[in-house]
Amino acid sequence: MNKVKNQEPETMNFQAEVKQLLHLMIHSLYSNKEIFLRELISNASDACDKLRFEAIDKPELLEDDHNLSIKIFYDSNLRTISIVDNGIGMSAKEIVDNLGTIAKSGTKDFIKNLSGDKQKDSHLIGQFGVGFYSAFIVSDNVKVISRHAGVPIDQAVCWSSDGLGEFTVVNTEKADRGTEIVLHIREDFNELLSGWKLREIIRKYSDHISLPILMFKEEWDDKTGNHIKTSDFEVINQSNALWTRKKTEITEDQYKEFYKTVFHDFEDPLIWTHNKIEGSNEYTQLLYIPKHAQFDIWDREKSNSIKLYVRRVFIMDDSDQLLPRYLRFVRGIIDSSDIDLNVSREILQESREVRSIRDSSVKRILNLVEDMASKETDKYSIFWNQFGQILKEGIGEDFSNQERIAKLLRFSSTHNNDKSQTISLNDYISRIKPNQNSIYYLTSDSFENAISSPHLEIFRKKGIEVLLLSDRIDEWMLSNLRSFENKSLVSIAKDSLNSEDITDTEERASLDNSSESLKPIIDKLYNSLSKRVKEVRISSRLVDSPACIVVNQNDLSPHLVRMLRAAGQNSPDSKPILEINANHKFLKKLEDINDNNFDSWANLLLDQAILTSGGQLSEPNIFVKRLNDILLNSQ
Ligand SMILES: Nc1ncnc2c1ncn2[C@@H]1O[C@H](COP(=O)(O)OP(=O)(O)OP(=O)(O)O)[C@@H](O)[C@H]1O
């Protein structure tokens, strides 16, 4: 069928990452051998989708072969399995680029994370997507013969490799458009070389592929006591796009297998929603939330994983118009009856239909997530741990749904002092003290820093709950979420505490007295520290610690300043306020310190307040010298 022309094959090296990936994949996915067929059928189906789309403008690409299909052959004597499609095909350049390198961003980092531990690696590789390279799990040699649609028969290409380090490419002839992949099966996978086994795998993993998957019919032969191949093809799969079927006719397993094939995931999805919308704008949505974040989920430039179809013709799978960025973890299919088949990205941006599909998809996803949060808390905690930080982006990005998203947020809290994020804003409100008008929170670099912060002391003493936030996105999120259910969100590290929540009349009077009687020492401290602080004052929030740092309501929190600096950004240099504990021994001691040593003591007090508030000292060597001077002088 395919004739290699008299020409020397060119040998090339796989990209280093491909070599590593192949090695690790063969090693760790050995027991998931069946997925190779799912992946290759999925690629074949994508190739047919692409051809169908390009042929809308260029019908000549279809040549005289209009019936798109995928054919599977096997030969137990030659030990081969072939996957043949009449899709778009690949040019020589495409074959070298696609099957010699990995174009995904973040590949290097991904490979670094692979540990050699089979189980962990198989999960990670699953999230990454194995695709074509999975052929090498079961094969010791793979040949790919391909001709791009529309190019002459003698401009086909044959790619071949044993998956160890190199591949060869040579020009060839191929009568039929599309791609043929011939796998030479390893000795230990004999069971795959059977019509029965291959049919079973196809029905299990690829039943929902919308194209017919064909194999030679086999008939029982009494003489040989074997199944014998006939020369007639039969269709193995249901071959209608799964999303077009009625919900009641689709089993859970079919939904799961569809997801795994189409989105190249190893794991079942966490949850999904399937809806047919009828009326003036008709479309079908099948949207899944995965169990794990994709490896490149933090890349905000990453395109959405929503495949857009128009009347079952695949149009594109990287449109940013179909879902907002903060739902980029969702994967799925949207099939519209109303969008024009020739739609371009630019038209999508303007399209009223697309806007309404997007709004409805957001609603469906939020409904799904809300349902999970209220009825399936175990699932919700998986969801929250994987995608909570991304969902938080929605607080600032999607004001029309801000309230709904806010209800879905989960936090660590002093209520249970637990690092896991399980407390909702509604939980907080259900426990709020009578007359308490604020929801208190503390942001910090880590839960450990937050939970040991001196800012919490008075709240613990008074039994007022504080939410502890330590995700990078939290500061930004809170700058967009000022209140919830009419309670304002208030940082306990800022000077805006509602004093009525944390002090009673008697305590306020005593604070006023202290401020009066300690005025000389407060002034003296300010004199020593005026270059470093904005103000020194008596604190209402300290119980055990001698001092803490707070900032003005409108200043950036020290935590945010640190994050901005770590990201290489300039942040305004605003001085903090030093709050001191009027009842602490340190204060009494300060009154006895002579003028020569007072500066050192004052600075030491400030340094430790910065440290316990989660900050860092800009000159740690000076801090150590001061500390040593004081320790040595105290002998
Ligand atoms: N049968 C085929 N026909 C045409 N092109 C193909 C075929 N199989 C693979 N390709 C090309 O090779 C590329 C790489 O395939 P591979 O399966 O490794 O990754 P992918 O399908 O792009 O990504 P993933 O599997 O992670 O979704 C594909 O994107 C496609 O361009």
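The exercises below work through cysteines, aromatic rings, charged side chains and a few single residues in a predicted model.

**Exercise 1. Cysteines**

Task: Determine how many disulfides the model holds, and what surrounds C158 in terms of the nearest cysteine sulfur.

Solution: Two cysteine sulfur atoms must lie within 2.5 Å to be taken as a disulfide. By this rule the count comes to 0 disulfides. For C158, the nearest cysteine sulfur belongs to C48 and is 20 Å away, and C158 is in no disulfide. The next step is accessibility, where buried means under 20% relative accessible area. C158 has a relative accessible area of 7% and is therefore buried, and C548, with a relative accessible area of 0%, is buried as well.

**Exercise 2. Aromatic pairs**

Task: Classify the ring pair F132 and Y133 and the ring pair W243 and Y309, and state which parts of the chain the second pair ties together.

Solution: A pair of aromatic rings is described by the distance of the centres and the angle of the planes. The count of such pairs in this model comes to 23 aromatic pairs. For F132 and Y133, the centres are 5.7 Å apart and the planes stand at 70°, which makes the pair edge-to-face. Both F132 and Y133 are buried.

For W243 and Y309, the distance is 4.6 Å centre to centre and the angle between the planes is 55°, and this pair is tilted. W243 lies in the loop between β10 (226–235) and α8 (252–262), whereas Y309 lies in strand β13 (residues 305–310), so the pair ties together parts that are 66 residues apart in sequence. W243 and Y309 are both buried.

A last step looks beyond single pairs: F132 and Y133 belong to a cluster linked by ring pairs, together with F14, F136, W159 and F167.

**Exercise 3. Salt bridges**

Task: Give the number of salt bridges, then describe the bridges of E39 with R38, K260 with E257 and R537 with E535.

Solution: The count comes to 34 salt bridges. The side chains of E39 and R38 meet at 3.5 Å, N to O. E39 has a relative accessible area of 1% and so counts as buried, and R38, with a relative accessible area of 2%, is buried too.

K260 and E257 form a salt bridge at 3.6 Å, N to O. These two residues are 3 residues apart in helix α8, which means that about one helical turn separates K260 from E257. Both K260 and E257 are buried, and both take part in a network of salt bridges that also links E252, K256 and D268.

The side chains of R537 and E535 meet in a salt bridge at 3.4 Å, N to O. E535 is partly exposed, because its relative accessible area is 32%.

**Exercise 4. A buried lysine without a salt bridge**

Task: Locate K487 in the secondary structure, and establish what its side chain reaches.

Solution: K487 is found in strand β21, which covers residues 487–491. K487 is buried yet has no salt bridge, and the nearest side chain of opposite charge, that of D501, is 8.7 Å away. A salt bridge would need a side-chain nitrogen of Lys or Arg within 4 Å of a carboxyl oxygen of Asp or Glu. The side chain of K487 does reach the backbone oxygen of Q436, at 3.2 Å. Leaving aside neighbours within four places in sequence, the contacts of K487 are I429, I432, Q436, N437, S438, I439 and R482.

**Exercise 5. Two helix residues**

Task: For S360 and N480, find the helix of each residue and decide whether each is buried or partly exposed.

Solution: S360 has its place in helix α10 (residues 352–375). With a relative accessible area of 16%, S360 is buried. Its side chain makes a polar contact of 2.9 Å with the side chain of Q285, and, apart from neighbours within four places in sequence, S360 is in contact with Y283 and Q285.

N480 is found in helix α17 (residues 474–480). Its relative accessibility is 21%, so N480 counts as partly exposed. N480 and E397 are 83 residues apart in sequence, and in space they are 9.0 Å apart, C-alpha to C-alpha. Once its neighbours within four places in sequence are set aside, N480 is in contact with I395, G396, F399 and Q402.

How values were computed: Residues are numbered from 1 along each chain as its sequence is written. This is a predicted model: local features need pLDDT of at least 70, side-chain atom pairs count only at pLDDT 80 or more; totals for chains, interfaces and linings use all residues. Side-chain values use heavy atoms; hydrogens and water are left out. Buried means under 20% relative accessible area, exposed over 50%, partly exposed in between (1.4 Å probe, protein chains only). Helices (H or I, at least four residues) and strands (E, at least two) are DSSP runs, numbered from the N terminus. Lys and Arg count as positive and Asp and Glu as negative; His and the chain ends are not counted. A polar contact is a pair of N or O atoms within 3.5 Å; within protein, one must be able to donate a hydrogen and the other to accept it, and residues adjacent in sequence count only if both atoms are side-chain atoms. Contact means heavy atoms within 4.5 Å. Rings of Phe, Tyr and Trp (its six-membered ring) pair if their centres lie within 6.5 Å; planes under 30 degrees apart count as stacked, over 60 as edge-to-face and the rest as tilted.
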